[in-house]
Amino acid sequence: MRVLAYLFVILASTALSLGAALLIGLQFDDAPNGLLIATAFTSPFLVMGPLVIGALAAYWDHRASPESRRYLAWWFTGVVVVDVVAAVLIVLAAFAARAPVWVPGLLIVGTAVLLAVARPLGGLFRRTERPIADDLDRSLPDARAIRGKVRAIGTTFVIAAVLATLGAALLASVGGERGSDLLQSVLIAGQLTFTATAMATIFVTLPLNTALRDAGGRDIGRLRRFAKVVLRGKPIPLDDAEERGAVQYARIVPVTQQFQLAYIGLLYIGIAFQFVSAAIRGELGVLPDFFLAAQVVVLVIVVPLTVRRIQRARTYAEQHGGSAGIASGAAAPLR
């Protein structure tokens, strides 16, 4: 039932986004280019904004703490502000294009309805989830489970590489490709292989993210407090129950962050294949320069910061694990 509801939300949000974009494209064609571009850029938030609110309500229990309520209220306020800006641009574009009144009215009323139902529907979806286990120690990943995730990623890489190579070879044999065309096929195969493996890395970490959320009692406020204590070394007082949760968090988060580093590496290699392919075709413009700059920032700043936080989490788990009474063998980090 949860899977069907999830698929329905994805399909419905995609259909609504495409419908809004199509309606804007057909009815606002006579609007000035700048205003039309601004409207096209902000219009997806009419659907994606409420979707974010619903997802947050489905994933986190806002009733868990005042901090959680404040955090989700900030998100709701931000989404409303963005949607108001989008609505204003739609009204201006409709006026400039002399579009029928019902077009901006439909878009604005539809957004208001989505905002009104997003949080209640998200809360309803959250209540269908299984309760948090009484003994969270059993949900902590051990070395065997982590090795299984690594094998799954490796298997995905091998399968993707074989399929992509066969596809490139088939294209080369059918089209009689030579030289640069054959190299293009090889580069596309490499891009698909590493991108598919990066997606598999994200997929296998979903249970780990669920375990992290359960360690915080599905309270985003408490989990943010754990992050400050464990990853940033903030001297925030914790009671006994929170101390136990913080240790569980500290045992899981190094594993999730190592998988995150693996995801970044695989994704960047896939993007590198794409850039080389575009360079050979002579299609590189200004946009890849921004992507390259962003990648350098991530590699220089984010990666060392993540490694430092992994070490802090391990140290915290070692120093507080005994007093919290959590088995030391749980969530063994990758070596």
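Five nonpolar residues, one polar and one charged make up the lining of the largest cavity. The model behind this count is a predicted one, and that enclosed space is a handy place to start. The residues in question are Ile53, Leu56, Ala57, His62, Leu72, Phe76 and Arg119. Two elements, helix 3 (45-59) and helix 4 (66-97), each give two or more residues to this lining. Helix 3 is the top contributor, with three residues. With His counted among the polar residues and Arg among the charged ones, His62 and Arg119 turn out to be the two exceptions in an otherwise nonpolar wall. As for volume, the largest cavity holds about 60 Å³ of space, and the tally of cavities of 30 Å³ or more stops at one.

Next come the open spaces. The second largest pocket has a volume of about 210 Å³. Its lining draws on Ala15, Leu16, Gly19, Ala20, Leu23, Leu46, Val47, Leu106, Leu107, Gly110, Thr111 and Leu114. Three elements give two or more residues each here, namely helix 1 (2-27), helix 3 and helix 5 (102-126). Helix 3 thus turns up again, having also appeared in the lining of the largest cavity. By class, the pocket lining splits into nine nonpolar and three polar residues, with no charged ones at all. Gly counts as polar in this scheme, so Gly19, Gly110 and Thr111 are the three polar members.

Stepping back to the whole protein chain, the secondary structure is easy to sum up: 11 helices and zero strands. Read along the sequence, that gives the pattern α-α-α-α-α-α-α-α-α-α-α. The protein chain runs to 335 residues, and 39% of them are buried. Contacts reach well along the sequence too: of those between residues at least 6 apart, 82% join residues at least 24 apart. The accessible surface adds up to about 18,800 Å², with carbon and sulfur atoms accounting for 70% of it.

A word on confidence is in order. Mean pLDDT for the protein chain is 83, and 88% of the residues reach 70 or more. Residues 328-335 are another matter, since pLDDT stays under 50 throughout that stretch. The model still gives residues 328-335 a total of 24 contacts beyond four places in sequence. Where pLDDT is low, predicted coordinates should not be read in detail.

Methods. Residues are numbered from 1 along each chain as its sequence is written. This is a predicted model: local features need pLDDT of at least 70, side-chain atom pairs count only at pLDDT 80 or more; totals for chains, interfaces and linings use all residues. Side-chain values use heavy atoms; hydrogens and water are left out. Helices (H or I, at least four residues) and strands (E, at least two) are DSSP runs, numbered from the N terminus. Buried means under 20% relative accessible area, exposed over 50%, partly exposed in between (1.4 Å probe, protein chains only). Contact means heavy atoms within 4.5 Å. Accessible areas come from the Shrake-Rupley method with a 1.4 Å probe; for residues, only the protein chains shown count as cover. On a 1 Å grid over the protein atoms alone, a cavity is a set of points where a 1.4 Å probe fits but cannot get out, and a pocket is an open set with protein on both sides within 12 Å along at least five of seven lines; lining residues have an atom within 4 Å of a point. Grid points are joined across faces, edges and corners, and a volume is the space filled by probe spheres set on the points. pLDDT is the predictor's confidence in each residue, from 0 to 100.
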